[in-house]
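This briefing sets out selected local features of the structure shown below. Please read it alongside the sequence and the coordinates.

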Amino acid sequence: MTPEYRVDAEQRIESYLFGQDIKDIKFIQVEQTFTDMGGEIHVWNVKTRVDGSWWVVEGEGVPMNLYTQNEFYFSADEAYSFHLGISQRLRARHHLEFKHIIDELPLDIDHVKSISRRLNSAAVALNDVSAPEDLQAIGLTCRESLIELAGVLANGNPNLLEEKGLKAADFKGVAREVIAIYAPGKSNGKLRKRSRDIMEAAWDHSSEIVHSPNKNIPDAKICLLLTCSAVSLIQNLFLKFLGFDNEPKCSVCKSMDFDILVLEGNDEALFNCNSCGNQEPLS
Ligand SMILES: [Zn+2]
């Protein structure tokens with residue numbers, strides 16, 4: 001990166017963040033530069049005084065976007081991977097309205113994130129409670145959040161309840177079936193089992209907290225931790241299902257460096273490998 005590029009990029013990032021109501025930057029630095037897609041893509045580490053910490057991804061051939069460092073993207077690498085998946089999708093969709101998995105299995109990911117955020121703030125608030133009823137209330141918040149999550153999942157998969165004979169409030173049942181959808185196949189067997197265990201733990205533990213007057217603050221914190229984990233896990237299973245496992249790859253050389261070509265007079269899009277020159281229909 002040249003000094004000129006750096007100055008220019010910092011200005012673009014600052015005005016981009018300003019447009020998102022993120023101000024008062026106290027630290028901005030390139031965390032990592034990736035070149036595996038051909039051009040240079042930079043992940044910037046941006047810290048502000050009051051508006052949190054962010055990863056900003058920008059570079060050759062990709063739109064600028066930002067990702068919070070708080071809950072969901074722990075590393076520059078994660079932000080980059082996610083950004084790449086989204087950018088490729090946008091580019092592909094721009095070229096061709098192909099039937100995308102996100103249209104078949106929509107999930108209100110913002111709603112899931114907001115459940116997760118609310119639980120995280122409850123975990124912070126927990127440092128100020130005293131009475132046993134407050135702890136039972138935490139258990140109740142967890143249970144309600146899980147039921148709300150089940151509702152979001154059922155909305156995203158409208159045939160699920162009917163097909164499986166489930167009630168919308170049956171968190172464990174709905175979660176089990178959704179895990180089977182988002183983590184399909186033999187290779188995900190262990191992941192499914194672990195995910196189901198987390199869902200059960202979150203549900204069973206929150207029920208215990210609700211019904212027992214003899215719990216202490218750590219019990220309630222564990223309850224929140226398990227519930228937060230369950231919500232985040234569902235979110236990440238969905239993202240995994242959407243993205244990283246299904247990235248287009250060249251069938252000849254496995255390269256992910258490609259362009260999508262749409263030939264005139266032809267509805268079919270072509271995957272054009274930039275590494276070996278192989279062309280094949282995009283399925
Ligand atoms: Zn190739």
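Four donors count as tetrahedral if all angles lie between 85 and 135 degrees. The model discussed here is predicted, and in it the 4 donor atoms around the zinc ion make angles of 102 to 115°, so the site is tetrahedral. The protein chain has 283 residues, of which 40% count as buried, and it contains 9 helices and 7 strands. Among contacts in the chain with a separation of 6 or more, 51% join residues 24 or more positions apart.

**Zinc site**

- Four cysteine sulfurs coordinate the zinc ion, namely the SG atoms of Cys250, Cys253, Cys273 and Cys276, at 2.3 to 2.4 Å.
- Along the chain, the spacing of these donors reads C-x2-C-x19-C-x2-C.
- Cys250 has a relative accessibility of 1% and therefore counts as buried, the limit for that class being under 20%.
- Cys253, with a relative accessible area of 34%, is partly exposed.

**Cysteines without a disulfide**

- A disulfide is a covalent bond between the sulfur atoms of two cysteines.
- The count of disulfides in this model comes to 0.
- Why is Cys142 not bonded to Cys223? The sulfur of Cys223 is the closest cysteine sulfur to that of Cys142, but the distance is 3.6 Å, which is too far for a bond; the pair would have to lie within 2.5 Å to count as a disulfide.
- Seen from the other partner, Cys223 is in no disulfide, and its nearest cysteine sulfur is that of Cys142, 3.6 Å away.
- Cys142 is buried at 0% relative accessibility, and Cys223 is likewise buried at 0%.

**Aromatic rings**

- The model holds 3 aromatic pairs.
- One of these pairs is formed by Phe171 and Trp203, whose ring centres are 5.9 Å apart and whose planes meet at 25°, so the pair is stacked.
- Phe171 belongs to helix H7 (residues 171-182) and Trp203 to helix H8 (residues 189-211), so this pair ties together parts that are 32 residues apart in sequence.
- Are the two residues buried or exposed? Both Phe171 and Trp203 are buried.
- A charge also sits over a ring elsewhere in the chain: the charged end of Lys23 lies over the ring of Phe18, 5.6 Å from its centre.

**The loop between helix H1 and strand E1**

- Asp21 is located in the loop that runs between helix H1 (3-19) and strand E1 (25-34).
- Although Asp21 is not a glycine, its phi is positive, at about 70°.
- Asp21 is exposed, with a relative accessible area of 53%, the limit for that class being over 50%.
- Asp24 is also placed in the loop between H1 and E1.
- The phi of Asp24 is positive as well, at about 60°, and Asp24 is not a glycine either.
- With a relative accessibility of 43%, Asp24 counts as partly exposed.

Terms used. Residues are numbered from 1 along each chain as its sequence is written. This is a predicted model: local features need pLDDT of at least 70, side-chain atom pairs count only at pLDDT 80 or more; totals for chains, interfaces and linings use all residues. Side-chain values use heavy atoms; hydrogens and water are left out. Donors are N, O and S atoms within 2.8 Å of the metal (3.2 Å for Na, K and Ca); water is not among the atoms, so sites may look incomplete. Four donors count as tetrahedral if all angles lie between 85 and 135 degrees; four count as square planar and six as octahedral if opposite donors are over 155 degrees apart and all others between 65 and 115; anything else is irregular. Buried means under 20% relative accessible area, exposed over 50%, partly exposed in between (1.4 Å probe, protein chains only). Rings of Phe, Tyr and Trp (its six-membered ring) pair if their centres lie within 6.5 Å; planes under 30 degrees apart count as stacked, over 60 as edge-to-face and the rest as tilted. Helices (H or I, at least four residues) and strands (E, at least two) are DSSP runs, numbered from the N terminus. A charge sits over a ring if NZ of Lys or CZ of Arg is within 6 Å of the ring centre and within 35 degrees of the ring normal. Contact means heavy atoms within 4.5 Å.
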